[in-house]
Amino acid sequence: MGNFTLKSVFGNNETIPKKYTCDSDDLSPPLSWEGRPEGTVSYVLIVDDPDAPAGTFTHWVLYNIPGDLNSLPEGVPQGKEVKYGYQGRNDFGAYGYGGPCPPRGKPHRYFFKLYALDTKLDLPPGAKRVDVERAMKGHVIGEAQLIGLYGRG
């Protein structure tokens, strides 16, 4: 799978700046990636928090990201269809990014997972994460991951 890497304004296992959380502007952070796997047709981005009290909490599902892109800007708008692809519903009940918003206590880990696919997913805008993951099966040709941390005193 080569050197497929995902980067943002925070490093791996570093704190996510407040502006990308529910405690401030709740903007999606800028993301960029390098080492595009050969044969990439599209990407899927899934952001989740495995430390949430009720189990893994999904913060963002973005799919059918064009394979020729290598970045997403800060503040991708909400909605089922954006110029960067289709967005699924997050566990806040919205379409698009919902930033870290953990209960008080120990910082949570937020996994930004970017999957390179050898196809475009045959799913309408607004699909559920489970449907996106099912459609991806057998088509993932690369995966890059970035873990951000965020906690509230």
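These are my notes on the nonpolar cores and aromatic pairs of this structure.

I am working from a predicted model, where local features need pLDDT of at least 70, side-chain atom pairs count only at pLDDT 80 or more, and totals for chains, interfaces and linings use all residues. Residues are numbered from 1 along each chain as its sequence is written, and side-chain values use heavy atoms, without hydrogens and water.

**Cores.** I looked up the largest nonpolar core (buried Ala, Val, Leu, Ile, Met, Phe, Trp, Tyr and Cys joined through side-chain atoms within 4.5 Å; buried means under 20% relative accessible area, 1.4 Å probe, protein chains only). It has 25 residues, and Leu45, Trp60, Leu72 and Phe112 have the most contacts inside it. Strands (DSSP runs of E, at least two residues, numbered from the N terminus) β3, β4, β5, β9 and β10 each give two or more residues to this core. β9 gives the most, with 4 residues. Apart from it I found another core of 11 residues, including Val61 and Met136.

**Phe112.** I then listed contacts (heavy atoms within 4.5 Å), leaving aside neighbours within four places in sequence. Among them are Leu6, Phe10, Ile46 and Leu146.

**Rings.** I searched the whole structure and got 6 aromatic pairs. Rings of Phe, Tyr and Trp (its six-membered ring) pair if their centres lie within 6.5 Å; planes under 30 degrees apart are stacked, over 60 edge-to-face, the rest tilted. Phe4 and Tyr43 have centres 6.1 Å apart and planes at 25°, so they are stacked. Both are buried. Phe10 and Phe112 have centres 5.6 Å apart and planes at 55°, so that pair is tilted. Phe10 lies in the loop between β1 and β2 and Phe112 in β9, so the pair ties together parts 102 residues apart in sequence.

Methods. Buried means under 20% relative accessible area, exposed over 50%, partly exposed in between (1.4 Å probe, protein chains only).
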